[in-house]
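This briefing covers helix packing, aromatic groups and cysteines in one model. Please read it alongside the sequence and coordinates.

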Amino acid sequence: MSSKITSILNPADITKALEQCAAGFHHTDFFKASGLSTKSDAELATIFSVLDGDKSGYIEVDELKDFLKCFSASARTLNEKETNDFLAAGDSDHDGKIGVDEFKTMAKKT
């Protein structure tokens with residue numbers, strides 16, 4: 001677990017959110033359970049910077065697949081349907097990736 005993430009989110013909430021994702025992932029459920037949906041723009045931008053592994057300024061499909069692994073190295077990879085649904089929910093400009101503002105909006109919609 002990244003120290004940047006645990007400085008913003010409660011580790012117990014992250015664990016609970018990851019356990020809920022064992023049977024299936026839906027971003028709104030994860031955002032609520034982990035506490036992401038209640039965080040400020042600055043805190044969400046910090047989380048986004050961790051999720052943006054290649055520092056491109058976007059979370060691309062490969063990074064979305066490994067979304068849960070950013071919260072725990074032992075977490076599972078998202079399957080293709082989960083990844084595509086996650087991308088569709090967050091990619092408001094339809095460019096095939098999620099920018100920081102799209103991520104903030106998606107987190108707060110939950």
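One aromatic cluster is formed by Phe25, Phe30, Phe31, Phe48, Phe67, Phe71, Phe86 and Phe103. The model is predicted. Across the whole structure, a search finds 11 aromatic pairs. The points below take the helices that carry some of these rings, then a lysine over a tyrosine ring, and then the cysteines.

**Helix α7**
- Helix α7 spans residues 100-108, and its buried residues are Glu102, Phe103, Lys104, Met106 and Ala107.
- These buried residues pack against three helices, α3 (27-34), α4 (41-51) and α6 (80-90), and against the strands β1 (58-59) and β2 (98-99).
- Phe103, buried in α7, is also a member of the aromatic cluster.

**The α4 and α7 pair**
- The axes of α4 and α7 cross at roughly 120° and come within 10 Å.
- On the α4 side, the contact is made by Asp41, Leu44, Ala45, Ile47, Phe48 and Leu51.
- On the α7 side, Val100, Phe103, Lys104, Ala107 and Lys108 make the contact.
- Phe48 and Phe103 thus appear both in this contact and in the aromatic cluster.
- The crossing of α4 past α7 is right-handed.
- Ala42 lies in α4 and is exposed, with a relative accessible area of 57%.
- Between the C-alpha atoms of Ala42 and Lys104 the separation is 9.3 Å, although the two residues are 62 apart along the chain.

**Helix α3**
- His27, Phe30, Phe31, Ala33 and Ser34 are buried in α3.
- The buried residues of α3 pack against α2 (11-20), α6 and α7.
- Phe30 and Phe31 of α3 are buried, and both belong to the aromatic cluster.
- Gly35, just after α3, takes a positive phi of about 95°.

**Lysine over a ring**
- Lys97 lies over the face of Tyr58, at 4.2 Å from the ring centre.

**Cysteines**
- How many disulfides does the structure hold? The structure holds zero.
- A disulfide is a covalent bond between the sulfur atoms of two cysteines.
- For Cys21, the closest cysteine sulfur is that of Cys70, 13 Å away, so the sulfurs are too far apart for a bond.
- For Cys70, the closest cysteine sulfur is in turn that of Cys21, again at 13 Å and too far for a bond.
- The cut-off for a disulfide is 2.5 Å between the sulfur atoms.
- Is Cys21 buried or exposed? Cys21 counts as buried because its relative accessibility is 4%.

Technical notes
Residues are numbered from 1 along each chain as its sequence is written. This is a predicted model: local features need pLDDT of at least 70, side-chain atom pairs count only at pLDDT 80 or more; totals for chains, interfaces and linings use all residues. Side-chain values use heavy atoms; hydrogens and water are left out. Buried means under 20% relative accessible area, exposed over 50%, partly exposed in between (1.4 Å probe, protein chains only). Helices (H or I, at least four residues) and strands (E, at least two) are DSSP runs, numbered from the N terminus. Contact means heavy atoms within 4.5 Å. Rings of Phe, Tyr and Trp (its six-membered ring) pair if their centres lie within 6.5 Å; planes under 30 degrees apart count as stacked, over 60 as edge-to-face and the rest as tilted. A charge sits over a ring if NZ of Lys or CZ of Arg is within 6 Å of the ring centre and within 35 degrees of the ring normal. Axes are lines fitted to C-alpha atoms, for helices over the stretch in contact, and angles run from 0 to 180 degrees between N-to-C directions. A crossing is left-handed if the near helix is turned anticlockwise from the far one by less than a right angle, and right-handed if clockwise.
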